[in-house]
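I set out to record what I looked up in this structure. The entries below follow the order in which I checked each point.

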Amino acid sequence: RNQKLRLSTIRIQSECRKRIAQTRFQISLTSVQRLQCHIRCMRAVSTLRSLRKDRAVIMLQKHYRRSVACHSLCRKRFLSIWCQKVHRGNMGRFLYHECKRRITAVKIQTFWRMQFLQHEYQKKCRSVLVVQCLMRCHTAHKVFQGLKMGAKDLSAVTAERDSL
């Protein structure tokens with residue numbers, strides 16, 4: 001009977017130790033799982049913070065790039081508008097000077113033609129005067145020749161003398 005009691009006591013102690021070991025194992029397993037859960041949570045929170053920080057950085061970069069692009073676009077638009085204004089001004093001045101040059105050329109040509117035609121007119125007027133003068137001289141010469149012939153005629157001289 002002692003033997004049985006001892007065996008049963010050993011058996012009970014063995015079962016108790018087993019139960020205590022299982023309970024401790026369960027407790028340590030639960031603790032390890034909780035630690036792993038906390039570590040996973042901390043990693044997730046850290047990753048989330050990192051992602052949020054990265055997202056915030058990305059948003060800042062996005063806004064900065066948008067601002068830089070907008071500023072660059074505004075400068076390019078201003079520059080293109082300014083270049084267009086300058087080009088239109090240059091073209092306008094060129095057209096104005098071209099028109100002024102043409103008007104000046106027309107005035108010069110008109111003046112030259114007027115001078116040339118006036119000179120030609122005066123030349124023709126002088127020619128007409130010379131022709132008229134020649135005609136008058138010729139007529140006067142013929143009349144003079146006729147008078148001279150008449151003066152040589154004695155009968156005409158006597159008739160004239162008698163008439164006086």
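Entry 1, Leu129. I located Leu129 in helix α1, which covers residues 2-152. The model is predicted. I then asked whether Leu129 is buried or exposed. Its relative accessibility is 54%, so Leu129 counts as exposed, the cut-off being over 50%. I also looked up the separation of Leu129 from Gln118, 11 residues apart along the chain, and found their C-alpha atoms 16 Å from each other.

Entry 2, overall form. I counted two helices and zero strands in the protein. The radius of gyration is 68 Å, whereas the globule rule gives 15 Å for 164 residues; the protein is therefore more spread out than a compact globule. I noted that the C-alpha trace spans about 225 × 20 × 10 Å along its principal axes.

Entry 3, surface and charge. I found that buried residues make up 1% of the 164 residues. The exposed area of the protein is about 16000 Å², of which carbon and sulfur atoms supply 65%. I recorded 37 positive and 7 negative side chains, with the centres of the two sets 50 Å apart.

Entry 4, cysteines. How many disulfides does the structure hold? I found zero. Cys125 is in no disulfide, and the nearest cysteine sulfur, that of Cys133, lies 15 Å away; a disulfide would need the two sulfur atoms within 2.5 Å. Cys125 has a relative accessibility of 30% and so counts as partly exposed. I noted Cys16 as partly exposed too, with a relative accessible area of 41%.

Notes
Residues are numbered from 1 along each chain as its sequence is written. This is a predicted model: local features need pLDDT of at least 70, side-chain atom pairs count only at pLDDT 80 or more; totals for chains, interfaces and linings use all residues. Side-chain values use heavy atoms; hydrogens and water are left out. Buried means under 20% relative accessible area, exposed over 50%, partly exposed in between (1.4 Å probe, protein chains only). Helices (H or I, at least four residues) and strands (E, at least two) are DSSP runs, numbered from the N terminus. The radius of gyration is taken over C-alpha atoms; the globule rule is 2.2 Å times the number of residues to the power 0.38. Accessible areas come from the Shrake-Rupley method with a 1.4 Å probe; for residues, only the protein chains shown count as cover. Lys and Arg count as positive and Asp and Glu as negative; His and the chain ends are not counted. The place of a charge is taken as NZ of Lys, CZ of Arg, CG of Asp or CD of Glu.
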